[in-house]
Structure formats: C-alpha cells, structure tokens
Amino acid sequence: MKVSITSGRAEGPTKLNAFDNALLDANIGDVNLIKVSSILPSGTEVVPVPKFPAGDMVNCVLAYTSSDVEGDLITAVVAAATSDDFGCVVENTGVNRDPEDVKSEAESIVQYMMDIRGLKIKEMLMADETHIVKKQGAVVAAVVYIG
C-alpha cells in the first residue's frame, strides 16, 4: 500500500470554508475523505500526494482544528511510525499550545502504540501545520491511503 503525508492551512469566511481551503492547501480538497483509524499495513510506501480524480473516495487519518478568535495559534499534526511488520498513525491538535509540544505529544502517543504492540520503530514520519488566526482559520494534517 502507498500513503501520502500532507498538511495545509487557510483562512475562510466561515469555519467550513476555512476547512475546505486548508484541504485544498494540502492537495486533498477535491476528494471525499473517509476517516479511518490508525494502522499502516506491512510494506507501506510513502509517496507524494497524487492528483486524485475529483470526487474520489479516499481513506485518511485526519487531524483538524479551527478557530475564529483573532490571534489564536492553531496546530494540526499526524505522526506515523513504521516497522518491519506494520505501523501506526496518530493525529493531534492544539489551540494556543506550543507547536513543538503538540508534535512531541503526537510522537509520544505513536511510540506508545508501537511499544504496546511489540513493534520496533523503523521510521517516524510527521506532517504538521501551524497558523495564527486572522478571522477564521483552519489547519489540517493527514495520512492519505492511496491503495
């Protein structure tokens, strides 16, 4: 299976528009996202985000947050860990938190998930996005399953 790891941020006139614009910024705005849980199959290969046909149904692990408070610092993170057997993915978000803390927390959570399964981490991959809200902002980070 192939996956892509991506992130985006944007402003918009409404919460939904900001979210849609952030998805467009992440190159996954013209597909239907199906939120899945947190396992990567054995042999997963990470590739750049492909050009999906508009309207495709695409599985993903999605981190998303938004705010309409000017000056809020919003962060979305996905962390993926692989092993020789299979891997795990987590999402994490924060509002007015140090982005490094949000990333560190995601890494710690995925490390625990691998440890509890007895899996040795081969590679740790992350995508994150941080944004200072002007009017209505949104951030997304995603692991997109390609097939």
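In this predicted model, Asn-92 counts as buried, because its relative accessibility is 12%, under the 20% limit. Asn-92 lies in strand 7. Its side chain makes a polar contact with the side chain of Glu-105, at 2.8 Å. Glu-105 is also one of the residues that Asn-92 touches. Leaving aside residues up to four places away in sequence, the other contacts of Asn-92 are Ala-63, Thr-75, Ala-76, Val-77, Arg-97, Val-102 and Ala-106.

The strand that holds Asn-92 belongs to an open sheet of four strands. The strand order is 3-7-6-8, and the pairing is antiparallel. Strands of a sheet pair through backbone hydrogen bonds, either parallel or antiparallel. Strand 3 (39-40) and strand 8 (123-132) stand at the edges. Each has a single partner strand, so one side of each is left without a neighbour in the sheet.

Helix 2, residues 99-116, packs on this sheet. The helix touches strand 6, strand 7 and strand 8. The direction of helix 2 makes about 155° with that of strand 7.

Strand 6 (residues 73-82) and strand 7 (residues 87-95) run antiparallel and are joined by eight bridges. A hairpin of four residues links strand 6 to strand 7. Two residue pairs illustrate the register. Ala-81 stands opposite Cys-88 of strand 7. Val-78 has Glu-91, in strand 7, as its bridge partner.

Strand 7 also pairs with strand 3. Here two bridges join the strands, which again run antiparallel. Within this pairing, Leu-40 stands opposite Gly-87 in strand 7.

Two asparagines in loops have unusual backbone signs to report. Asn-96 has a positive phi of about 55°, although it is not a glycine. Asn-96 lies in the loop between strand 7 and helix 2. Asn-27 is not a glycine either, yet its phi is positive, at about 70°. The loop that holds Asn-27 runs between helix 1 (15-25) and strand 2 (32-35). Asn-27 counts as exposed, because its relative accessibility is 55%, over the 50% limit. Asn-92, by contrast, is buried at 12%.

Methods: Residues are numbered from 1 along each chain as its sequence is written. This is a predicted model: local features need pLDDT of at least 70, side-chain atom pairs count only at pLDDT 80 or more; totals for chains, interfaces and linings use all residues. Side-chain values use heavy atoms; hydrogens and water are left out. Two strands pair if DSSP finds at least two bridges between them. Contact means heavy atoms within 4.5 Å. Axes are lines fitted to C-alpha atoms, for helices over the stretch in contact, and angles run from 0 to 180 degrees between N-to-C directions. Buried means under 20% relative accessible area, exposed over 50%, partly exposed in between (1.4 Å probe, protein chains only). A polar contact is a pair of N or O atoms within 3.5 Å; within protein, one must be able to donate a hydrogen and the other to accept it, and residues adjacent in sequence count only if both atoms are side-chain atoms.
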